[in-house]
Amino acid sequence: MDTIGATIKVGQKIPKEVLKQAKKQYREAGKAPKVYDPDCPPSTPEALAEFAAMAQELRKSRRNPSSVVAIRVKPDTLSKYKALGKGYTGIMADVLNYVADNPEILSQAAKL
């Protein structure tokens, strides 16, 4: 199969002969026999069902049973987290979970 080449400037339409050639090659490619790589044969219905089950399990494991809460945070603390970029609220939640799982840190915070 040949490569179709054309130089098109911004705002210029694709020439009709180039489109015609591309459509012809597209039709010919659809008629060509499918050749599978022996290392990657086509999937069987059983394999597809197994992949679907795996994907469903993965989606279940990603569901986050977190609760949404509103807390008051000092502006400078919030700006430090926001400086971390997208996903900073997840990082805040991870820090809160870490502290909650470590009683020695909680006891020090209670003394403040």
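**Note on an all-helical predicted model**

1. Read from one end of the sequence to the other, the chain follows the pattern α-α-α-α-α, with 5 helices and 0 strands. The model is a predicted one, and the points below should be read with that in mind.

2. The radius of gyration of the chain is 28 Å, well over the 13 Å that the globule rule gives for 112 residues, so the chain is more spread out than a compact globule. The C-alpha trace spans about 80 × 50 × 25 Å along its principal axes.

3. On burial and surface, buried residues make up 4% of the 112 residues in the chain. The chain exposes about 10,800 Å², and carbon and sulfur atoms supply 58% of that area.

4. The largest pocket holds about 310 Å³ of space. Its lining includes S67, V68, V69, I71 and V73, together with L78, and it also takes in T89, G90, M92, A93, L96 and N97. Helix α4, which covers residues 88-100, gives the largest share of this lining, with 6 residues. By class, the residues that line the largest pocket divide into 8 nonpolar and 4 polar, with no charged residue among them.

5. The second largest pocket holds about 260 Å³ of space. Of the 12 residues that line the second largest pocket, the closest to its centre are Y81, V95, L96, V99 and A109. Three helices, α3 (75-82), α4 and α5 (103-110), each supply at least two residues of this lining, and the largest share, 4 residues, comes from α4. The lining of the second largest pocket has 11 nonpolar residues, 1 polar residue and no charged residues.

6. Taken together, the two pockets direct attention to helix α4, since α4 gives the largest share of the lining of the largest pocket and also the largest share of the lining of the second largest pocket. L96 is listed in the lining of the largest pocket and is also one of the residues closest to the centre of the second largest pocket.

7. Is N102, a residue of the loop between α4 and α5, buried or exposed? N102 has a relative accessible area of 15%, and it therefore counts as buried, the cut-off for that class being under 20%. A polar atom of the side chain of N102 lies 2.6 Å from the backbone oxygen of Y98.

Conventions: Residues are numbered from 1 along each chain as its sequence is written. This is a predicted model: local features need pLDDT of at least 70, side-chain atom pairs count only at pLDDT 80 or more; totals for chains, interfaces and linings use all residues. Side-chain values use heavy atoms; hydrogens and water are left out. On a 1 Å grid over the protein atoms alone, a cavity is a set of points where a 1.4 Å probe fits but cannot get out, and a pocket is an open set with protein on both sides within 12 Å along at least five of seven lines; lining residues have an atom within 4 Å of a point. Grid points are joined across faces, edges and corners, and a volume is the space filled by probe spheres set on the points. Ala, Val, Leu, Ile, Met, Phe, Trp, Tyr, Cys and Pro count as nonpolar, Asp, Glu, Lys and Arg as charged, and the others, Gly among them, as polar. The radius of gyration is taken over C-alpha atoms; the globule rule is 2.2 Å times the number of residues to the power 0.38. Buried means under 20% relative accessible area, exposed over 50%, partly exposed in between (1.4 Å probe, protein chains only). Accessible areas come from the Shrake-Rupley method with a 1.4 Å probe; for residues, only the protein chains shown count as cover. A polar contact is a pair of N or O atoms within 3.5 Å; within protein, one must be able to donate a hydrogen and the other to accept it, and residues adjacent in sequence count only if both atoms are side-chain atoms.
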